[in-house]
Amino acid sequence: MMLLGPVIPILRIFDVPKADEFYLGFLGFQVDWEHTYSSGGPTYRQISRSGAFLHLTEHFGDGTPGTATQITVTGIAEFWKELHQKEYRHARPGLERQPWGRTVDVSDPFGNQLRFLEPNPE
């Protein structure tokens with residue numbers, strides 16, 4: 001029997017310090033591992049938070065700026081409150097109710113869209 005694993009989006013970034021400010025500082029992810037072929041070369045890394053994994057890449061041709069990614073969340077109101085308490089100057093996302101659940105949508109500094117979704121209970 002074939003099994004499929006989790007999908008891990010590959011998001012294009014252009015500046016590691018800006019990515020760190022957004023993904024680590026604002027969203028609360030952590031770096032799991034990082035690879036650079038040479039000193040000063042482009043970075044490829046995995047970040048995670050509570051079972052959600054993202055790959056961030058500076059490599060030309062990896063990923064497309066403007067990618068949309070949906071991340072399932074339990075406790076989205078607490079997550080939204082956490083984001084607002086940080087007072088990140090580049091994003092003040094709302095907590096929206098959609099027919100399929102509650103969402104917090106935020107754009108990273110590189111144009112990628114992240115939708116955090118807490119689906120409606122069945």
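## Strand β4 and its partners

In this predicted model, I10 lies across from H55 of strand β4. I10 falls within β1, residues 10-12, and β1 runs parallel to β4, joined over 3 bridges. Strands of a sheet pair through backbone hydrogen bonds, in either a parallel or an antiparallel sense.

Strand β4 spans residues 52-57. Burial dominates here: 5 of the 6 residues in β4 are buried. Strand β3, residues 43-49, also pairs with β4. This pairing is antiparallel, with 6 bridges. Within it, I47 has L54 of β4 as its bridge partner.

## The β3-β4 turn

Strands β3 and β4 make a hairpin. The turn holds 2 residues between the strands. S50 sits in that turn, and its phi is positive, about 50°.

## The mixed sheet

A separate heading belongs to the strands β5, β8, β7 and β6. These 4 strands form an open sheet, in the order β5-β8-β7-β6, with mixed pairing. Its edges are β5, residues 68-72, and β6, residues 96-98. Each edge strand pairs on one side only. From one strand to the next, the twist averages 30°.

Strands β5 and β8 run parallel and are joined by 5 bridges. A68 has its bridge partner in β8, namely Q113. Helix α2 packs on this sheet, where α2 touches β7 and β8. The direction of α2 makes about 30° with that of β7.

## Helix α2: two faces

Which residues of helix α2 are buried? They are I76, F79, L83 and H84, in a helix that covers residues 76-86. These buried residues lie on the same side of α2, because they cover an arc of only 135° around the axis. An α-helix has 3.6 residues a turn, so residues three or four places apart point the same way.

The opposite face looks different in its burial: E78 and Q85 are exposed there, turned away from the buried side.

## What α2 packs against

The buried residues of α2 pack against four elements: α1, β3, β7 and β8. Helix α1 covers residues 16-26. Strand β7 covers 101-107, and β8 covers 113-119. Two of these partners, β7 and β8, belong to the open sheet. Another, β3, is the hairpin partner of β4.

After α2 comes E87. The phi of E87 is positive, near 50°.

Definitions and conventions. Residues numbered from 1 in each chain as written. Predicted model: local features only at pLDDT ≥ 70, side-chain atom pairs only at ≥ 80, totals over all residues. Heavy atoms only, no water. Buried < 20%, exposed > 50% of the residue type's maximum accessible area, 1.4 Å probe, protein only. Pairing = 2+ DSSP bridges. Arc of directions from axis to C-beta. Contact = heavy atoms within 4.5 Å. Axes fitted to C-alpha atoms, helices over the stretch in contact; angles between N-to-C directions.
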